[in-house]
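Visitor: I should like to learn how to read the features of a structural model. Might we proceed from the general idea to the particular case?

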Amino acid sequence: ELNLSAKLDLGAFYAEVTLQWGVPRAELQAKASILQPAELYLAAALSKLSGKSFSFVVEAYRADRAKGWGALARSLGIKPGSKEFKALKDKLDASRTKLKKK
């Protein structure tokens with residue numbers, strides 16, 4: 001769902017990710033050829049919540065993509081049900097709603 005909304009207006013998507021997670025548009029665009037918009041969003045979120053760089057999170061995901069985002073989040077110290085996990089879920093829901101309206 002996020003991929004579809006993002007692809008309708010990539011500029012608004014990049015602005016939203018930058019606003020929510022602080023990853024500059026140029027960094028997002030640099031990885032856009034290897035990740036879908038929803039993956040960029042999750043990488044940005046996990047970067048901010050874990051304190052790791054965006055590039056580090058992207059490369060960690062690419063190195064072990066088969067395990068999925070949940071496993072990566074846990075390896076970065078973000079446990080299901082934690083305040084970080086809840087923040088991710090809340091911001092994702094808010095972003096999804098904003099992007100649908102555009």
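Guide: Let us begin with what is meant by a helix: helices are DSSP runs of H or I with at least four residues, numbered from the N terminus. By that reading, A12 has its place in helix 2, which covers residues 10–21. Please bear in mind that this is a predicted model.

Visitor: Is A12 buried or exposed?

Guide: The term buried is applied under 20% relative accessible area, and exposed over 50%. A12 has a relative accessible area of 12%, and therefore counts as buried. Its C-alpha atom is separated by 9.3 Å from that of K98, although the two residues are 86 apart along the chain.

Visitor: How many helices and strands are there in the protein chain?

Guide: The protein chain has seven helices and zero strands. Read from the N terminus, its elements run α-α-α-α-α-α-α.

Visitor: How does one judge the overall form, and what is the radius of gyration of the protein chain?

Guide: One compares the value with that expected of a compact globule. For 102 residues such a globule would have a radius of gyration near 13 Å, and the protein chain agrees, with 13 Å. The C-alpha trace spans about 35 × 30 × 25 Å along its principal axes. Of the 102 residues, 37% count as buried. As to contacts between residues at least 6 apart in sequence, 61% of them join residues at least 24 apart.

Visitor: What can be said of the surface and the charges?

Guide: The accessible surface amounts to about 5700 Å², and carbon and sulfur atoms account for 55% of it. There are 19 positive and 10 negative side chains, and the centres of these two sets lie 2 Å apart.

Visitor: How does one read the sides of a helix, and which residues of helix 6 are buried?

Guide: The general idea rests on periodicity. An α-helix has 3.6 residues a turn, so residues three or four places apart point the same way. In helix 6, which covers residues 68–75, the buried residues are W69, L72 and A73. They lie on the same side of helix 6 because the arc that they cover around the axis is only 100°.

Visitor: Against which helices do the buried residues of helix 6 pack?

Guide: They pack against helix 4 (37–50) and helix 5 (54–63). After helix 6 comes G77, which has a positive phi, near 90°.

Visitor: A lysine interests me: is K31 buried or exposed?

Guide: K31 belongs to helix 3, residues 25–31. Its relative accessible area is 17%, so K31 is buried. Apart from neighbours within four places in sequence, K31 is in contact with L40, F54, S55, V58 and E59.

Visitor: Which residues does S5 touch, not counting those up to four places away in sequence?

Guide: S5 touches L99 and K100. The residue is found in helix 1, residues 2–8, and counts as buried, with a relative accessible area of 11%.

Visitor: May we close with an intermediate case, and ask why D93 counts as partly exposed?

Guide: A residue between the limits of 20% and 50% is termed partly exposed. D93 has 30% relative accessibility, and so it falls in that class. D93 is found in helix 7, residues 83–101. The C-alpha atoms of D93 and L2 are separated by 9.8 Å, whereas along the chain these residues are 91 apart.

Notes: Residues numbered from 1 in each chain as written. Predicted model: local features only at pLDDT ≥ 70, side-chain atom pairs only at ≥ 80, totals over all residues. Heavy atoms only, no water. Buried < 20%, exposed > 50% of the residue type's maximum accessible area, 1.4 Å probe, protein only. Helix = DSSP H or I, 4+ residues; strand = E, 2+ residues; numbered from the N terminus. Arc of directions from axis to C-beta. Contact = heavy atoms within 4.5 Å. Rg over C-alpha atoms; globule rule 2.2 N^0.38 Å. Areas by Shrake-Rupley, 256 points an atom, 1.4 Å probe, with all protein chains shown as cover. Lys, Arg positive; Asp, Glu negative; His and termini not counted. Charge placed at Lys NZ, Arg CZ, Asp CG, Glu CD.
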